[in-house]
Amino acid sequence: MRRTGSLAFRLFAGAAAWALVLLLLGAIALSVLYQRNVMRTMDDRLTSVVGALVAAAETDPGGDVALARRPSDPAYARVFSGRYWEILDLAGDEPARVLVVSRSLWDEQLAVPPPLLERARSAPGEIISSDTKGPDREPLRVVLQAVQLPNRPDFVVMLAAEDRRPADREVRNFAITSALMFLGFAAAIAAGVFFQVRIGLEPVIRMRDSVSEVREGHAERVDGQFPNELQPLADELNAMLDHSRELVERSRTHVGNLAHALKTPIAVLTNESRASEGELADIVERQTGVMAKQVDHHLRRARAAAHAKAVGARTDVSAVIGDLSRTLEKIYARRGISITTDLAGEVTFRGERQDLEEMIGNLLDNACKWATSEARITARRSGERELEILIEDDGPGLTDEESETALQRGVRLDEQAPGSGLGLSIVTDLAKAYDGQVELSRSGLGGLCAQVLLPAPSR
């Protein structure tokens with residue numbers, strides 16, 4: 001199954017991203033509103049200047065324009081101060097002619113776009129705002145109004161302008177400040193979301209840890225107090241665990257009953273054949289022996305399949321190896337076979353003890369049977385959840401073809417040696433029941449090396 005990542009991370013990332021987008025949009029909207037407010041304030045200020053020019057404008061009988069009083073702001077008297085005003089004459093189709101200018105323009109004049117003047121001519125009395133360039137090519141905000149003065153046949157445009165760079169700088173500083181502030185808000189919200197997600201998922205994490213404890217064999221049930229939303233799930237998990245244990249016990253009982261039901265008639269046939277003489281009796285005795293071994297093999301496999309996936313099963317490998325080594329050393333003491341063990345730290349098998357005894361016992365007995373003087377067993381972790389067991393001997397060993405054939409059920413490479421040929425097959429079936437595997441290769445001692453990979457609980 002494809003993993004989709006951490007639930008906590010996805011919840012945190014989703015909430016944080018949404019909050020960041022909203023805050024970013026809020027910062028942009030606030031900056032735009034502030035810019036509009038600054039420009040509106042500037043337009044109002046320039047409109048007041050234009051109104052003052054209109055109120056102060058006078059014409060003599062010849063139509064010349066003069067101002068009864070000039071705007072009182074001293075910036076209009078300072079050369080290139082950034083604040084300017086002009087009075088323009090719009091005479092028919094001719095270019096606009098400057099009538100009066102502020103002292104701040106000195107000998108310059110404002111480059112008002114002709115379309116803007118045409119717009120003012122077509123809508124006399126309307127206040128028009130726009131942007132243009134100043135004497136030093138600086139950006140200007142300009143407000144103009146076309147009016148009709150006495151003794152003049154043409155319209156006169158009253159115009160006031162102001163350098164907009166200070167306003168733009170103020171808006172930019174505001175945008176930077178608001179962006180930093182909103183970033184701080186975003187960080188605070190992200191931290192709050194993170195702790196909220198952690199606190200909200202803490203019961204789920206506790207349930208995960210409790211299930212892991214059950215799986216690794218440290219507990220038998222999912223224990224703990226959970227919220228109302230999770231308590232039914234905990235109850236269902238515990239019910240499943242109880243049902244699983246019940247099925248395992250029921251399977252073991254059925255396997256035991258089947259063993260007794262089959263072994264009794266087989267034992268009767270065996271005893272009767274031994275008490276009789278003749279070829280038929282010999283055939284019956286041999287076949288009942290094969291039947292008994294086959295029944296034992298399949299009963300072991302059925303038992304392993306019943307509880308190989310049992311939740312919480314754990315077995316100390318060192319204890320099993322120690323018991324089997326002492327027993328087999330006594331059995332093969334007459335041949336002088338010594339068994340050495342190499343256990344790398346604490347090694348645990350995630351499964352039933354009797355199945356591990358069956359696998360190691362068959363392989364170690366086979367090693368002692370073919371060893372010249374020494375058998376060696378090594379157990380260590382080969383991964384986070386994998387156990388490796390190596391059983392070696394200094395006997396004649398097997399070729400690659402013989403190693404592959406030896407794992408098949410009922411195959412015996414030496415008919416003179418005692419046994420049914422089911423030992424290695426039993427080991428292979430049990431290992432597969434635990435999702436493990438068995439491989440045969442050449443040992444460093446010169447004989448056969450049997451490698452068994454089995455599941456191990458997490459550290």
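Let's start with a single bridge: Asp 89 has Arg 97 in strand 4 as its bridge partner. That places us between strand 3 (residues 83–90) and strand 4, which pair in the antiparallel sense over four bridges. Bear in mind that this is a predicted model.

Zoom out a little and the two strands turn out to belong to an open sheet of five, ordered 4-3-7-6-5 with antiparallel pairing. The edges are taken by strand 4 (97–101) and strand 5 (128–133); each has a single partner strand, so one side of each has no neighbour in the sheet. From one strand to the next, the twist averages 30°. As a reminder, strands of a sheet pair through backbone hydrogen bonds.

What lies across this sheet? Helix 1 (residues 7–56) lies across strand 3, strand 5, strand 6 (139–148) and strand 7 (155–163), and it runs at about 140° to strand 7. Another helix to look at here is helix 3 (residues 165–215), which holds Met 181. In space, Met 181 and Ala 27 are 9.0 Å apart, C-alpha to C-alpha, although 154 residues separate them in sequence. Met 181 has a relative accessible area of 40%, so it counts as partly exposed.

Now back to the edge strand 5, this time for its charges. Asp 131 forms a salt bridge with Arg 164, with the closest N and O atoms 3.0 Å apart. This pair ties together distant parts of the chain, as Asp 131 sits in strand 5 while Arg 164 is in the loop between strand 7 and helix 3, 33 residues apart. The two ends differ in cover: Asp 131 is partly exposed at 37% relative accessible area, whereas Arg 164 counts as buried at 13%.

Two further salt bridges are worth a click. Glu 357 and Arg 353 form one, with the closest N and O atoms 2.8 Å apart. They are four residues apart in helix 7 (residues 353–370), which means about one helical turn separates them. Glu 357 is partly exposed at 29%, and Arg 353 is partly exposed at 32%. The other joins the side chains of Arg 380 and Glu 388 at 2.9 Å, N to O. Arg 380 counts as partly exposed at 33% relative accessibility, while Glu 388 counts as buried at 10%. Elsewhere, salt bridges with shared partners join Asp 43, Asp 131, Arg 141, Arg 164 and Asp 168 into one network. The whole structure has 19 salt bridges.

Next stop: strand 12 (residues 386–393), where you'll find Glu 392. Is Glu 392 buried or exposed? Its relative accessibility is 7%, under the 20% cut-off, so Glu 392 counts as buried. Which polar atoms does its side chain meet? The side chain of Glu 392 makes a polar contact with the side chain of Ser 443 at 3.0 Å, and the backbone nitrogen of Gly 444 lies 3.4 Å from a polar atom of the Glu 392 side chain. Leaving aside residues up to four places away in sequence, Glu 392 touches a list that includes Ala 367, Arg 376, Thr 378, Leu 445 and Cys 449.

Finally, the whole chain. It has nine helices and 14 strands, and 38% of its 459 residues count as buried. Among contacts with a separation of 6 or more, 63% are between residues 24 or more positions apart. The accessible surface comes to about 25,900 Å², with 55% of that belonging to carbon and sulfur atoms.

Notes: Residues numbered from 1 in each chain as written. Predicted model: local features only at pLDDT ≥ 70, side-chain atom pairs only at ≥ 80, totals over all residues. Heavy atoms only, no water. Buried < 20%, exposed > 50% of the residue type's maximum accessible area, 1.4 Å probe, protein only. Polar contact = N/O pair within 3.5 Å; in protein donor to acceptor, adjacent residues only side chain to side chain. Contact = heavy atoms within 4.5 Å. Areas by Shrake-Rupley, 256 points an atom, 1.4 Å probe, with all protein chains shown as cover. Pairing = 2+ DSSP bridges. Axes fitted to C-alpha atoms, helices over the stretch in contact; angles between N-to-C directions. Salt bridge = Lys/Arg side-chain N within 4 Å of Asp/Glu carboxyl O.
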